[in-house]
Amino acid sequence: MANRRDFLGVVLGAASASAMATAMRANAQAKAPELEESDPVATALGYKKDGTKVDKAKFPKYAAGQACTNCQLYQGKPTDASAPCPTFAMKIVQGKGWCNAWVKRA
Ligand code: SF4
């Protein structure tokens, strides 16, 4: 009987730890502000919420098809519409965005 109770305790503990981790991730993303194009660092790196609108004369590194979703620094899944980016102190960037710090996702 004690073994069954111990087993249930481990299972329930693991489940609640997992739920807590998920909630904390969601909470962290909810609290992070969205990166605005007017942010001084965003301006310096040419960030656009829509990568196709990048000033190609100023940022010739940009190539069609590059976007936050296929950047190594994007902290979400490639299918996520938006996610935090460490280049901008984990502010939320748009998946179809782009900035001059873009690095091809491995
Ligand atoms: Fe997007 Fe990558 Fe620039 Fe972050 S570093 S804003 S993920 S292109």
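Okay, let's start with a question: among contacts in the protein between residues at least 6 apart in sequence, what percentage join residues at least 24 apart? The answer is 57%. Keep that figure in your head while we walk through the chain.

One thing before we go on: what you have in front of you is a predicted model.

So, the overall picture. The protein has 106 residues, and 26% of them are buried. Its accessible surface is about 6,900 Å², with 63% of that belonging to carbon and sulfur atoms. As for the elements, you'll find two helices and two strands. Starting at the N terminus, the order is α-α-β-β.

Now to the ligand. Where does it sit? The space it takes up is the largest cavity. Who's around it? Going along the chain, you meet Y47, then C68, C71, L73 and Y74, then C85, T87, F88 and V93, and finally C99, A101 and W102. Sort that shell by class and you get eleven nonpolar residues, one polar one, and no charged ones.

Let's pick one residue out of that shell and stay with it for a minute: C99. Look for it in the segment after β2. Is C99 buried or exposed? C99 has a relative accessible area of 8%, and the cut-off for buried is under 20%, so it counts as buried. Who does it touch? If we skip the neighbours within four places in sequence, C99 is in contact with L45, G46, Y47 and F88. Two of those names should ring a bell, since Y47 and F88 also surround the ligand. And here's a nice example of chain distance against distance in space: C99 and A67 are 32 residues apart along the chain, yet their C-alpha atoms are separated by 8.3 Å.

Next, the loop between α2, which covers 40–44, and β1, which covers 82–85. G65 is in that loop. Its relative accessibility is 58%, and exposed means over 50%, so G65 counts as exposed. Measure along the sequence and G65 is 13 residues from T52; go C-alpha to C-alpha in space and the gap is 8.6 Å.

K58 is in the loop between α2 and β1 as well. With 60% relative accessibility, K58 is over the 50% cut-off, so we call it exposed too. Its C-alpha is 9.9 Å from that of N100, although the two residues are 42 apart along the chain.

Last stop: the loop between β1 and β2, where β2 is 91–94. Which residues here have a positive phi without being a glycine? There's A89, at about 55 degrees, and M90, at about 65 degrees. Both of them lie in this loop. How open are they? A89 has 65% relative accessibility, over the 50% line, so it counts as exposed. M90 comes in at 36%, which is between the 20% and 50% cut-offs, so M90 is partly exposed.

To pull it together: the ligand takes up the largest cavity, its shell has no charged residues, and C99 from that shell is buried. G65, K58 and A89, on the other hand, are exposed. Go and find them in the structure, and thanks for listening!

Methods. Residues numbered from 1 in each chain as written. Predicted model: local features only at pLDDT ≥ 70, side-chain atom pairs only at ≥ 80, totals over all residues. Heavy atoms only, no water. Near = heavy atom within 4 Å. 1 Å grid on protein atoms, 1.4 Å probe; cavity = no way out; pocket = protein on both sides within 12 Å on 5 of 7 lines; lining within 4 Å. Sits in = over half its atoms within 2 Å of the grid points. Nonpolar A, V, L, I, M, F, W, Y, C, P; charged D, E, K, R; others polar. Helix = DSSP H or I, 4+ residues; strand = E, 2+ residues; numbered from the N terminus. Buried < 20%, exposed > 50% of the residue type's maximum accessible area, 1.4 Å probe, protein only. Contact = heavy atoms within 4.5 Å. Areas by Shrake-Rupley, 256 points an atom, 1.4 Å probe, with all protein chains shown as cover.
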